[in-house]
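Subject: The structure we talked about

Hi there,

Here is the structure I promised to pass on to you. Have a look at it first, and then read on for what turned up in it.

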Amino acid sequence: GRRLYHLAPAYEGRDTWADYRATVELSDRMSVEWDRFARRWKEHMDERGRHHALARPDDVETWSAELVERFSIDRAYQHWNVIEGFYDWLLWHTEHQHAYNPFHMAVVDPEGSARQIWNRKLEKANE
């Protein structure tokens with residue numbers, strides 16, 4: 001019973017992203033960027049019929065594929081990194097019962113777009 005969809009009733013109508021966003025101080029420019037990334041993520045999750053805080057690894061993979069198709073790998077990474085950070089916050093926040101980060105589970109497939117973005121993240125960490 002660790003799967004995130006079990007938590008769905010508690011998230012209905014809640015803007016969990018806004019709760020997270022309130023904990024992060026950003027410049028005006030970065031704030032605009034984050035809003036854009038979050039809007040795209042929320043639209044993706046709406047299309048998939050799930051709350052933006054309750055992604056499954058396949059939601060992450062399909063979003064990653066869209067990002068890679070639409071943007072440069074660095075731009076895709078910028079989107080991905082911000083939403084991945086939101087899920088890291090959910091993991092460590094006692095109010096949330098998240099037991100795993102679906103972004104990290106999505107990178108397991110070596111052929112996937114999520115892995116492609118993850119590899120870019122690792123490259124950037126070593127630059």
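A salt bridge is a side-chain nitrogen of Lys or Arg within 4 Å of a carboxyl oxygen of Asp or Glu. Please keep in mind that this is a predicted model.

**Salt bridges**

Asp58 and Arg56 make a good starting example: their side chains meet in a salt bridge, with N and O 3.5 Å apart. That falls under the rule because the nitrogen only has to be within 4 Å of the carboxyl oxygen. Asp58 counts as partly exposed at 34% relative accessibility, and Arg56 is partly exposed too, with a relative accessible area of 35%. Both residues belong to a network of salt bridges that links Arg48, Arg50, Arg56, Asp58 and Asp59.

How many salt bridges does the rule give? The count comes to 13. One of them joins Glu95 to Arg14, with the closest N and O atoms 2.8 Å apart. Glu95 sits in the loop between α5 (73-92) and α6 (102-106), while Arg14 sits in the loop between α1 (8-11) and α2, so this pair ties together parts that are 81 residues apart in sequence. Arg14 counts as partly exposed, at 27% relative accessibility.

Now try Arg36 and Glu33, whose side chains meet in a salt bridge at 2.6 Å, N to O. Both lie in helix α3 (residues 28-47), 3 residues apart, which is about one turn of the helix. Arg36 counts as partly exposed at 27% relative accessibility, whereas Glu33 is buried, with a relative accessible area of 12%.

**A buried arginine without a partner**

Side chains of opposite charge can pair when their charged atoms come close. Arg21, in helix α2 (residues 16-21), is a nice case to check against the rule. Which side chain of opposite charge is nearest to Arg21? The answer is Asp35, at 4.4 Å. The cut-off is 4 Å, and Arg21 has no salt bridge although it is buried. Leaving out residues up to four places away in sequence, Arg21 touches Leu26, Ser31, Trp34 and Asp35.

**How the helices pack**

Helix α7 (residues 113-126) packs against helix α4 (residues 57-70) at an angle of about 65°, with the axes 7 Å apart. The two helices are therefore roughly perpendicular to each other. On the α4 side the contact is made by Glu61, Ser64, Ala65 and Val68, and on the α7 side by Ser113, Ala114, Gln116 and Ile117. Sorted by class, this contact has 4 nonpolar, 3 polar and 1 charged residues.

Helix α7 also meets α5: their axes come within 9 Å and cross at roughly 90°. These two are therefore roughly perpendicular as well. Residues of α5 in this contact include Tyr77, Trp80 and Glu84, and those of α7 include Trp118, Arg120 and Lys124. By class, the contact of α5 with α7 has 7 nonpolar, 2 polar and 5 charged residues.

**One more loop residue**

Is Thr94, in the loop between α5 and α6, buried or exposed? At 81% relative accessibility, Thr94 counts as exposed. The C-alpha atoms of Thr94 and His104 are separated by 20 Å, and the two residues are 10 residues apart along the chain.

Enjoy exploring, and write back with any questions!

Best wishes

Definitions and conventions. Residues numbered from 1 in each chain as written. Predicted model: local features only at pLDDT ≥ 70, side-chain atom pairs only at ≥ 80, totals over all residues. Heavy atoms only, no water. Axes fitted to C-alpha atoms, helices over the stretch in contact; angles between N-to-C directions. Helix = DSSP H or I, 4+ residues; strand = E, 2+ residues; numbered from the N terminus. Parallel < 35°, antiparallel > 145°, perpendicular 65-115°, else oblique. Contact = heavy atoms within 4.5 Å. Nonpolar A, V, L, I, M, F, W, Y, C, P; charged D, E, K, R; others polar. Buried < 20%, exposed > 50% of the residue type's maximum accessible area, 1.4 Å probe, protein only. Lys, Arg positive; Asp, Glu negative; His and termini not counted.
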